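Hi,

Here is the structure I promised to pass on. Have a look first, and then read on for what turned up in it.

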Amino acid sequence: MKNAITKSLDDPILEAMPVIPTDQMQTVSIQAAQPIQDLITQAQQNRPELAESDIDLVNRQISRRAASNALLPSLSLIGFYSGSGLGGPLNPVYNLGQNTSMVPPDFGGAFQNAFNNSSPDYYVGLNLNIPIRNRVAKADQFRSELEYRQAELRMEQLKKQVRIEVRNAQYALTQTGARVEAARKARDLAQRTFDIMKKEQDLGAGSSYQTLSAQRDLALAELDLVGAMTTYQKAKVELDRATGATLEHNGILIQDAITGVVSRHTP
């Protein structure tokens, strides 16, 4: 702890200063075991790896369909329509022959002719494309099919891995919970034994050696209890990781990070 909060330990006073913890180990409450199938369902809904695999599988499916469609014939209907606006003054040479024209001489008339269907330009056509021995498209189709099958295989492997992790975490939590209960009973027995030995010594019926031995056994029992509770808490953390509930159990919501507003306090 000193190494974490200081730059160096060259100061002899700082090096000799004792570290007194203010927090004490709280009593661990053993939670009831949840049905394993419910935990697996929760893990399949919350694990980000599975969500990423689902997205990748959807992308592979889209790529596979696009590659398959490239091998099919395609028919396109093409249409075009436009209007021409003619206008402007007549050529003086042309006007010498007393010729007349229906073309408007100003810009407004030309603009009007562009939309009154007086000089249309249009066409309609069909474009048929039939791929014959398109080896590039066929190779792309084979590659996309293999990638999709590989994505499906990875998805199934990930699901099996998640199920195994959840089962192992649940088993470890049950096992460490039983260890905590056993260590707690051993500590209580050591405490009662020490109280009896101390009372016998006070009454003159016991020896100091027996009292010190009982006190040593009590200290070892308390140490075993602390170790068992630490292992149990680690097992709970591992179960939260396996089920994808770490953020939820710590009061962290992804939606709060997106909106920037904390909807509830951290438990």
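From the N terminus onward, the elements of the chain run α-α-α-α-β-α-α-β-α-α-α-α, which gives 10 helices and 2 strands. Helices (H or I, at least four residues) and strands (E, at least two) are DSSP runs here, numbered from the N terminus.

Two things to keep in mind while reading. This is a predicted model, in which local features need pLDDT of at least 70 and side-chain atom pairs count only at pLDDT 80 or more, while totals for chains, interfaces and linings use all residues. Residues are numbered from 1 along each chain as its sequence is written, and side-chain values use heavy atoms, with hydrogens and water left out.

Now the overall shape. The chain is more spread out than a compact globule, because its radius of gyration is 41 Å, well over the 18 Å that the globule rule gives for 267 residues. That radius is taken over C-alpha atoms, and the rule is 2.2 Å times the number of residues to the power 0.38. Along its principal axes, the C-alpha trace spans about 150 × 50 × 40 Å. Of the 267 residues, 21% are buried (under 20% relative accessible area; exposed is over 50%, partly exposed in between, with a 1.4 Å probe and protein chains only).

Helix 7 deserves your attention. It covers residues 135–203, 69 in number, and reaches 100 Å from its first C-alpha to its last, close to the 102 Å expected at 1.5 Å a residue (that is, 1.5 Å times one less than its number of residues). Gly204 follows helix 7 and has a positive phi, near 90°. On the other side, the loop between strand 2 (120–129) and helix 7 holds Arg133. Arg133 is not a glycine, yet has a positive phi of about 55°, and it counts as exposed at 67% relative accessibility.

Which way does helix 4 run relative to helix 7? The axes of helix 4 (residues 48–69) and helix 7 come within 9 Å and cross at roughly 160°, so the two helices are roughly antiparallel to each other. The residues of this contact divide into 9 nonpolar, 6 polar and 11 charged. Here Ala, Val, Leu, Ile, Met, Phe, Trp, Tyr, Cys and Pro count as nonpolar, Asp, Glu, Lys and Arg as charged, and the others, Gly among them, as polar.

Helix 3 (residues 36–46) also packs with helix 7, at an angle of about 130° and with the axes 10 Å apart; this pair is therefore oblique. Axes are lines fitted to C-alpha atoms, for helices over the stretch in contact, and angles run from 0 to 180 degrees between N-to-C directions. Under 35 degrees counts as roughly parallel, over 145 as roughly antiparallel, 65 to 115 as roughly perpendicular and the rest as oblique.

Best wishes
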